[in-house]
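User: Could you take me on a close look at the ligand site in this model? I'd love to hear which residues surround each ligand and what contacts they make.

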Amino acid sequence: MKGMTATRDAIFETRRSTTPAPAAARARILADPGFGIHFTDHMVTARWTADAGWHDAVVGPFGPLPILPGAAALQYAQQVFEGIKAYRHADGSVWTFRPDRNAARLRASAERFFLPAPDDTLFLNSLRALLAVDHDWVPEPEGEKSLYLRPYLIGTEQFLGVRPSPEVTYGVIASPSGAYVGGLAQPADVWLSEDVVRAAPGGTGEAKCGGNYAAGLGPYAEAKAHGCQQTLFLDAETRTWVEEFGGMNVMFVTSDNRLVTPALTGTILHGITRASLLQLAAEDFGLTAEERRVSIAEWRECVADGTFTEVFACGTAAVITPIGALKARGFDVPAARDTAGEVTRALRERLTDIQYGRVPDTRGWMVPLHD
Ligand code: PLP
Ligand code: COI
């Protein structure tokens, strides 16, 4: 199989694991999967080289990758990734949500890191090929469980001079998942990162690259030390404007029926949940969707005077998670409310109803992965 077209249209070669998890062990995991702890029996890998394009597309047993210590991904972080879920519907079929958006974002992230990326067809085929063998790992929808899919790209050339790797691996691993943080009844408290920023203009904030998350681990530790579950980042230039959390976008519901979220200024991840909720809010709930700058002072004042009635975080892993208190070194902003608000609940219900096939998908967002 040589070149992009070949792999794009081709069937992934499947090499089945000889040691899959016994059904009883899998059932125990699926009953209470946690997040990102357990992995399925198989994984996808495909190789790209500058002269042959994409080739060697395989679904094989889950296990270690052959990677040399001097590889570009390990030494210089030439790496990007995606996060997307597989949802089981009531008839047993398995679906995913807006994969074209994830494929496009993977390409955008890859471009920033000078990596080649799969096109829509190779991306979707890779998910389908994995689900063809690991579909039993998609949990039943109760408790809003799903199979979290993690596509990634890594530069694999071993070379200590800095240059774009002419050898790249695309992979997909899958991890059954429950709630990432909190839950509707347990708003997540968040910590304001005052010294460390996540992204700067011209930097990598818009890309989904591992380095953004590694660089947020210091503030994350600070958040944990203050009893918080997430870190809130501000803009790099003025430390005034709210950008996003370490792993999710932020949204505010106002007393005059607006859904407000920071505008995409080049330093915020283009969240697919964010975009979908802005659309659902406007089209299905008659809210005014507003993408604009929100200052930390506005958060403080508007929670205090009741203008911000609900604050929540959104993302693939997080779905929609109500935000509790915002804590900072010099001040605390109490939770806008003790539990998830009405709009938070309604948006979450509508989004998950679409994802789990409980209401008709009138926008063509759902794409089948397995019958
Ligand atoms: N922001 C960051 C930093 C994230 O890691 C994520 C998760 O993917 C999001 C926002 C939400 O994006 P999405 O809704 O596409 O999952
Ligand atoms: C996702 O929601 O897919 C993410 O990548 C966030 C990550 C922190 C788990």
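Analyst: Happy to! Let's start with ligand 1, bearing in mind that this is a predicted model. There are 17 residues around ligand 1, and those that come nearest are Tyr213, Glu244, Ile272, Thr273 and Thr316. Two of these also make polar contacts through their side chains: Glu244 places a polar side-chain atom 2.5 Å from a nitrogen atom of ligand 1, while a polar side-chain atom of Thr273 lies 2.5 Å from an oxygen atom of ligand 1. Lys208 joins in as well, with an N or O atom of its side chain 2.8 Å from an oxygen atom of the ligand. As for burial, ligand 1 has 380 Å² of accessible area on its own, and the protein covers 97% of that. The space that ligand 1 takes up is the largest pocket. Three elements give two or more residues each to the shell around ligand 1: strand 11 (242-245), helix 8 (272-285) and strand 15 (308-315). Sorted by class, this shell holds 6 nonpolar, 7 polar and 4 charged residues.

Now for ligand 2, which also sits in the largest pocket. Its surroundings consist of Phe35, Phe81, Gly83, Tyr148, Arg150, Tyr180, Lys208, Gly247, Thr316 and Ala317. Here Lys208 appears again, with a polar side-chain atom 2.6 Å from an oxygen atom of ligand 2. The side chain of Tyr148 has an N or O atom 2.6 Å from an oxygen atom of this ligand. Ala317 takes part through its backbone, where an N or O atom lies 2.8 Å from an oxygen atom of ligand 2. The protein covers 90% of the 280 Å² of accessible area that ligand 2 has on its own. By class, the shell around ligand 2 divides into 5 nonpolar, 3 polar and 2 charged residues. Both domains contribute to this shell, with at least three residues drawn from each of domain 1 (2-178) and domain 2 (188-355).

If you'd like one residue to centre your view on, try Lys208: its side chain has a polar contact with an oxygen atom of ligand 1 and another with an oxygen atom of ligand 2. Thr316 is a good second stop, being among the residues nearest to ligand 1 and also one of those around ligand 2.

Conventions:
Residues are numbered from 1 along each chain as its sequence is written. Chains are lettered from A and ligands numbered from 1 in the order in which they are written. This is a predicted model: local features need pLDDT of at least 70, side-chain atom pairs count only at pLDDT 80 or more; totals for chains, interfaces and linings use all residues. Side-chain values use heavy atoms; hydrogens and water are left out. A residue is near a molecule or strand if one of its heavy atoms lies within 4 Å of it. A polar contact is a pair of N or O atoms within 3.5 Å; within protein, one must be able to donate a hydrogen and the other to accept it, and residues adjacent in sequence count only if both atoms are side-chain atoms. Accessible areas come from the Shrake-Rupley method with a 1.4 Å probe; for residues, only the protein chains shown count as cover. On a 1 Å grid over the protein atoms alone, a cavity is a set of points where a 1.4 Å probe fits but cannot get out, and a pocket is an open set with protein on both sides within 12 Å along at least five of seven lines; lining residues have an atom within 4 Å of a point. A molecule sits in a cavity or pocket if more than half of its atoms lie within 2 Å of its grid points. Helices (H or I, at least four residues) and strands (E, at least two) are DSSP runs, numbered from the N terminus. Ala, Val, Leu, Ile, Met, Phe, Trp, Tyr, Cys and Pro count as nonpolar, Asp, Glu, Lys and Arg as charged, and the others, Gly among them, as polar. Domain bounds come from an automatic or database domain assignment.
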